Structures are given as structure tokens and as C-alpha cells.
Amino acid sequence: MDIETLREYCLSLPGTSEDMAFGDDHLLFRVCGKIFACMDLARNDCLALKCKPDYAVELREHHPEIEPAWHWNKKYWNQLSLHGGLRASFIEALVRHSYSEVVRKLPKSVKAANPEVVVLDAGFCVD
């Protein structure tokens, strides 16, 4: 999956915005101001995504392209190589999972003010 396709996919999710708060090398995707994905533009193949802790470990065990995310809480964040053997549909499912993990933890008042922001079906699978 190339970076532009991934960027377009992330921005297609309800209530998503992008910024470069960490500098020119990192493109952040947020839902209601909370980060759910970080694209490393310097490496051009790396994406950090939030994940349920047990699922994060399972993914790391089954996929050499997935490892604990560098500079992120390794309990909740995985780093994916976009140029490995992961299918685009699987990467999209992991993006939806990350987005949904962030949405689940939003305050009720934020959810009420943003009714388009909902937990998405991530289609859990081990690719």
C-alpha cells in the first residue's frame, strides 16, 4: 500500500483530520483531536497504529512486518511496514481498529457533539 492511498483512506474515516504537530517527518491522523495513526514520512514505509494490548501482541507474533511502535507506548501501539507482505485490506482493517480504539475512549460529550464519529467494524482477522 502506498502512502497516498493510505492517507486518502485515513481521511475518509468520519471526523478525521491530519496535521504535522511532530514536525515535517510525521503525518498524524486524528479523530476529534486524538491521534489514531502516525505516518513516518522520512522512512516512507512506516505506520504507527493504536491497538488493543492483547491483539497487538498477537499481531506481532504472526506478522514480521508488525512490531512495537518506536517512540509510542508499546503496550498500545504497533508499527507496520507498508512494504512487507501485508495486504491493503488488512492494513485498512488495522486502521479502522485503531480509529475505533480512540473513538471508544472519547468523552461522551465529544461523541454527542460529533455524531458522525462511531466505532467502525475492523473485521478482526489474522492475515
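A residue is taken as buried when its relative accessible area is under 20%. By that criterion, helix H3 of this predicted model is mostly covered, with 13 of its 17 residues buried. The helix runs from residue 88 to residue 104. Its length also holds up well to a simple check: at 1.5 Å a residue, the 17 residues of H3 should span 24 Å, and the C-alpha atoms at its ends are indeed 24 Å apart, so expectation and model agree.

Ahead of this helix comes a loop that joins strand S6 (77–81) to H3, and Gly-84 is found there. Gly-84 has a relative accessible area of 38% and is therefore partly exposed, falling between the 20% limit for buried and the 50% limit for exposed residues. Ala-48 lies 36 residues away from Gly-84 along the chain, and the C-alpha atoms of the two are separated by 15 Å.

Attention can now turn to the empty space inside the model. Rolling a probe the size of a water molecule over the atoms shows where such space is left. Across the whole structure, two cavities of 30 Å³ or more are found. The largest cavity holds about 40 Å³ of space. Its lining is made up of Leu-49, Lys-50, Cys-51, Leu-59, Asn-78, Leu-80, Leu-94 and His-97. Strand S4 (46–50), S6 and H3 are the elements that each give two or more residues to this lining. In terms of residue class, five of the lining residues are nonpolar, two are polar and one is charged. Helix H3, mostly covered as described above, thus returns here as one of the elements around the largest cavity.

Technical notes. Residues are numbered from 1 along each chain as its sequence is written. This is a predicted model: local features need pLDDT of at least 70, side-chain atom pairs count only at pLDDT 80 or more; totals for chains, interfaces and linings use all residues. Side-chain values use heavy atoms; hydrogens and water are left out. Helices (H or I, at least four residues) and strands (E, at least two) are DSSP runs, numbered from the N terminus. Buried means under 20% relative accessible area, exposed over 50%, partly exposed in between (1.4 Å probe, protein chains only). On a 1 Å grid over the protein atoms alone, a cavity is a set of points where a 1.4 Å probe fits but cannot get out, and a pocket is an open set with protein on both sides within 12 Å along at least five of seven lines; lining residues have an atom within 4 Å of a point. Grid points are joined across faces, edges and corners, and a volume is the space filled by probe spheres set on the points. Ala, Val, Leu, Ile, Met, Phe, Trp, Tyr, Cys and Pro count as nonpolar, Asp, Glu, Lys and Arg as charged, and the others, Gly among them, as polar. The expected span of a helix is 1.5 Å times one less than its number of residues.
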